[in-house]
Amino acid sequence: MEVTGIFTAIIIGLIIGALGRLVVPGKQNIPIWLTLLIGVLAAILGTIVAGALGVDDTSGVDWIELIIQVVFAAIGVAITAGAYGRRRV
C-alpha cells in the first residue's frame, strides 16, 4: 500500500465509519470519534483485502473495494457497540 493509498483510506474511512454505523440496525451507544476511528481502520483493512483479491485498481470507481470497506466498518461498529454497551452497564 502506497502512502497516497493510506491517506485516501483515512479520508474515505471517516465517511465509511458513518456509513458502517448507518448499516448496523438499532442504536449504537458509542461515541462518534470511535465510529470514525473504526471507519478509518475498516478503510485501511478493506484496501488491503481488496488488494489481496485484486480488485483495488479498476477503471472508474472501485465499488467492490468500497463495499468491502463498509462491511468491515459495519462489523467493527456492531462488535464495538456490543462490547461498549456491556462495559458501561
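I44 is located in helix 2, where helices (H or I, at least four residues) are DSSP runs numbered from the N terminus. The structure is a predicted model, in which local features need pLDDT of at least 70 and side-chain atom pairs count only at pLDDT 80 or more, whereas totals for chains, interfaces and linings use all residues. Residues are numbered from 1 along each chain as its sequence is written, and side-chain values use heavy atoms, with hydrogens and water left out.

With a relative accessibility of 23%, I44 counts as partly exposed; under the scheme applied here, buried means under 20% relative accessible area, exposed over 50%, and partly exposed in between (1.4 Å probe, protein chains only). The C-alpha atoms of I44 and I12 are 9.3 Å apart, at a sequence separation of 32 residues. Helix 2 also contains I48, which is partly exposed because its relative accessibility is 49%. Between I48 and E65, 17 residues apart along the chain, the C-alpha separation is 9.3 Å.

A50 is likewise placed in helix 2, but A50 counts as buried, since its relative accessibility is 0%. Apart from neighbours within four places in sequence, A50 is in contact (heavy atoms within 4.5 Å) with V55, D56, E65 and I68. L19, 31 residues from A50 in sequence, is 18 Å away from A50, C-alpha to C-alpha.

The largest nonpolar core comprises 8 residues, namely V24, I30, L34, I38, A74, V77, A81 and Y84. Such a core is a set of buried Ala, Val, Leu, Ile, Met, Phe, Trp, Tyr and Cys residues joined through side-chain atoms within 4.5 Å. At least two residues of this core come from each of helix 2 and helix 3, and helix 3 gives the most, with 4 residues. In soluble globular proteins, nonpolar side chains tend to be buried together. Among the core residues, I38 touches I30, A73, G76, V77 and T80 when residues up to four places away in sequence are not counted. Another core member, A81, has its C-alpha atom 8.8 Å from that of K27, the two residues being 54 apart in sequence. K27 belongs to the loop between helix 1 (3-23) and helix 2 and is classed as exposed because its relative accessible area is 71%.

The loop between helix 2 (32-53) and helix 3 (63-88) contains D62. D62 is buried yet has no salt bridge, a salt bridge being a side-chain nitrogen of Lys or Arg within 4 Å of a carboxyl oxygen of Asp or Glu. The nearest side chain of opposite charge, R21, is 26 Å away from D62; Lys and Arg count as positive and Asp and Glu as negative, while His and the chain ends are not counted. Leaving aside neighbours within four places in sequence, D62 is in contact with D56 and D57.

On the surface, V61, W63, I67, V71, I75 and I79 make a nonpolar patch of about 630 Å². Patches are made of residues with over 30% relative accessible area and no salt bridge, with like charges joined within 9 Å and nonpolar side chains (Val, Leu, Ile, Met, Phe, Trp, Tyr) within 5 Å. Accessible areas come from the Shrake-Rupley method with a 1.4 Å probe, and for residues only the protein chains shown count as cover. One of the patch residues, V71, lies in helix 3 and counts as partly exposed, at 43% relative accessibility.
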